[in-house]
Structure formats: structure tokens, C-alpha cells
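Student: I should like a close look at a single part of this model, the pairing of its strands, followed by whatever else helps to place that part in its surroundings. Please treat it as one connected account.

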Amino acid sequence: MSQFHPLTVTHIHRTIRDAVVLTLKPHDPGKFQFTQGQYLTFRKDFDGTELRRNYSICSGVDDGVLQVGIKCVDGGAFSNFANEDLQVGDILEAMSPMGTFYTDIAPGAAKSYLGFAGGSGVTPILSILRTVLSQEPNSTFTLIYANRAVQTIMFREELEDLKNRFMDRLTVIHVLESGQDIDLFSGRIDGDKCAALFKSWIQIDRVDIAFICGPEPMMMAIASALKDHGLSKEQIKFELFGASQEGLLARKTARASTAQNDKGTAVQITLDGTTHRVEMGRDQSVLEAALTQNLEAPHACRAGVCSTCKAKVTEGEYEMLINHALEDYEVEAGFVLTCQCYAISETLSVDYDQH
């Protein structure tokens, strides 16, 4: 399940000074059929330490290529490697596409999509809007895109090209912290900014679904504004931009509370058709227990942000500390993010093969 597959880098395009778009050719194309809005989990060894990082696919389903956008992060080993050292012809390893940041496409539908993106958070939304414009000819898409300044806008040329091709169906509104003459399009996106946009630029009562991807404070403010203006929880989809530290803090709290009563848990972990029986400390997550036993459990962020480590608990009681990736119906069905799943019973059964 967690098997990594090779991809050859066939093209590298620098969309802005500190971000690249990688075009990748899978050695086994069948492993990389994707749905718009999904991501790839890459792994690479840096001086003996394996790092795993998620990067969203930015190409549309009908584009005929597999592309990801990677922006430099201060101190980011993988992002800096991709921007500075990676060469055409190099081989990368990645898991098959994952993620649920999308809605099903219906060719006969006439829907109104709204997207909010901050910085490199535009990457999965670009995949979604490209696919919508291609496969739903009666649907429209409005993108509100926040950046610091014009020179930091990822995919600016690509968005302009799409606007020219689909001028009656695609609207792109740039909100910049500097360099804009109109107050409405200047500053940061918050609740007041959303209210102003909904009043004069966006017919919010006609929006069928909204996608939000960017820094967490921005996303929370936008989601609140959307709900205040009539959208339901089911109409709003999130993709977190970067890893949250909340999971780390919550895990420390959990460890402190269980340190005096750590009797351990007998865990059955099913992975790739085989069930493994391991002993797990109450201060360990299911993922940590699996990795301690050298099981190839799928994982990436370890902060409850992505869904790479998703599995189903089929027996036992547990607590999931942080969840930024699973839908409510998935949680109700027993699915967990194993990096945030801690046992509170003496036995626990977890199945990675159900997803």
C-alpha cells in the first residue's frame, strides 16, 4: 500500500523566482491516474534521513501530463532541493495520488465554483479549475487569489491564459498585500474582505461549492464568512497549506496525561493483506507503533494535515487528537489518521487496507 514508484523529471519550469513546476513521467502510468485536487507523497534520503513531503498536482485531468508545483520553504530540505538541485532526467520516488480535496465532475452540470487560495495553496485549486473548465462546459469558476505582491503570484501566466480561453466562465481576482490601487483588492483576506467581495463581485447565493487552500488563519476566516453568507459545511472544502503544530502540542498533552497509567495496548495492524500483532505504548500513536516494528505504513506530514496515513479502526477504543483531513462521515465510519490515533483500550485493530 505504501509502495513508492519511480518518476522521471522531464521538464522543470520556474513559475516565480522561488517556485518550480515539475513535469513527471511515471515509469508505471497506471499507478498515477489522479483526480483533480489530489497530491503526491515524495520521499528522499538526506544524509541518511528519509524525508516525506506532500505536493499537490497542478495539472488538470485532461492535460495529458502529471505536474506538481513546489515552492521554496525556509529550511525546507526537499523544497530547496527541488528548486536548486533537481535536474531534468533525475528520478524521484512517490506514492500513488491521494487526497479528497475535490468534488465529483458531472459533464452535464451547470455549477458555480468558488476558490480561495493563498500563495502556493493555488496548486490543487489550479488542477480543479482546469478540470472543471474542460469537463463541465456549463460550469463557471471564480478564483480569489491572495499573495504578497505581483512577483510572488505562482502560475500567473497560466491563469491569464486560462482567462483568455474561458473568458465567459473563469474569473480571477488577485488580492495583494502591496501594489494594488483599489482598496478592495489590497491587504489580506479576512471576514470583512470576504463580505465586501460578496457584496460587489461574487454572487454568493449562486455558489454551489467553495474550495479553500492556504494558511490556516486565512482559511478559517474565509470559511466563517462563507457560512455567515449561507453556505453549508458540506459546500466548503479545505486543504491545509503546510503542517500544523497543533498535533504536536496535543500529543505532548496526551503523553503527559497517560504517563502514570501506561499499561500498553495489544494492536493488530493489517497492512497489504497481512495482519501484524504488536505491543503499543499508550503514549504512542498507531503510526509510531507501526514504524517502530519496521512496518511500511503510509505516512507523510505526521501532523494530522494530510490523509496519507488514513486507516480504519475495526475494534477497540481510541482518541484521534487532530484531524484536518478526514470528512465527518469518514470519522463516523471509524476512519482515523493514524499519526494522531492513540489507544484508550487494551486491544485495538487497525486496517490500512480499508480506505
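Tutor: In this predicted model, strand 14 (residues 310-320) and strand 16 (residues 341-351) pair in the antiparallel sense, over seven bridges. Among the residues involved, Lys312 has Asp351 of strand 16 as its bridge partner. Strands of a sheet pair through backbone hydrogen bonds, and the sense may be parallel or antiparallel.

The two strands belong to an open sheet of five strands, whose order is 13-12-16-14-15 and whose pairing is mixed. Strand 13 and strand 15 (335-337) form the edges, each pairing on one side only. On average, neighbouring strands of this sheet are turned by 35 degrees against each other, direction ignored.

From edge strand 13 (274-280), a loop leads to helix 7 (286-292), and Ser285 lies in that loop. Ser285 has a relative accessible area of 1% and is therefore buried, the cut-off being under 20%. Apart from neighbours within four places in sequence, Ser285 is in contact with Met280, Thr338, Cys339, Cys341 and Tyr342.

Other parts of the structure can be read in a similar way. In helix 3 (residues 156-165), the buried residues are Glu158, Leu159 and Leu162. They lie on the same side of helix 3, because they cover an arc of only 95 degrees around the axis. An α-helix has 3.6 residues a turn, so residues three or four places apart point the same way. The buried residues of helix 3 pack against strand 1 (5-16), helix 2 (122-135), strand 8 (140-147) and strand 9 (170-176). On the face turned away from the buried side, helix 3 carries the exposed residues Glu157 and Asn164.

Aromatic rings supply further links, for the structure holds nine aromatic pairs. One of them joins Phe101 and Phe211 edge-to-face, at 5.3 Å centre to centre and with 85 degrees between the planes. Phe101 lies in the loop between strand 6 (91-94) and strand 7 (112-118), and Phe211 in strand 10 (residues 209-214), so this pair ties together parts that are 110 residues apart in sequence. Phe101 counts as buried at 1% relative accessibility, and Phe211 is buried with a relative accessible area of 0%.

Ring pairs also link Phe42, Phe46, Tyr55, Phe78 and Phe81 into a cluster. The charged end of Lys44 sits over the ring of Phe46, 5.6 Å from its centre; the charged end of Lys44 also sits over the ring of Phe81, 4.5 Å from its centre.

Note on methods: Residues numbered from 1 in each chain as written. Predicted model: local features only at pLDDT ≥ 70, side-chain atom pairs only at ≥ 80, totals over all residues. Heavy atoms only, no water. Phe/Tyr/Trp six-rings, centres within 6.5 Å; stacked < 30°, edge-to-face > 60°. Helix = DSSP H or I, 4+ residues; strand = E, 2+ residues; numbered from the N terminus. Buried < 20%, exposed > 50% of the residue type's maximum accessible area, 1.4 Å probe, protein only. Lys NZ or Arg CZ within 6 Å of the ring centre and 35° of its normal. Arc of directions from axis to C-beta. Contact = heavy atoms within 4.5 Å. Pairing = 2+ DSSP bridges. Axes fitted to C-alpha atoms, helices over the stretch in contact; angles between N-to-C directions.
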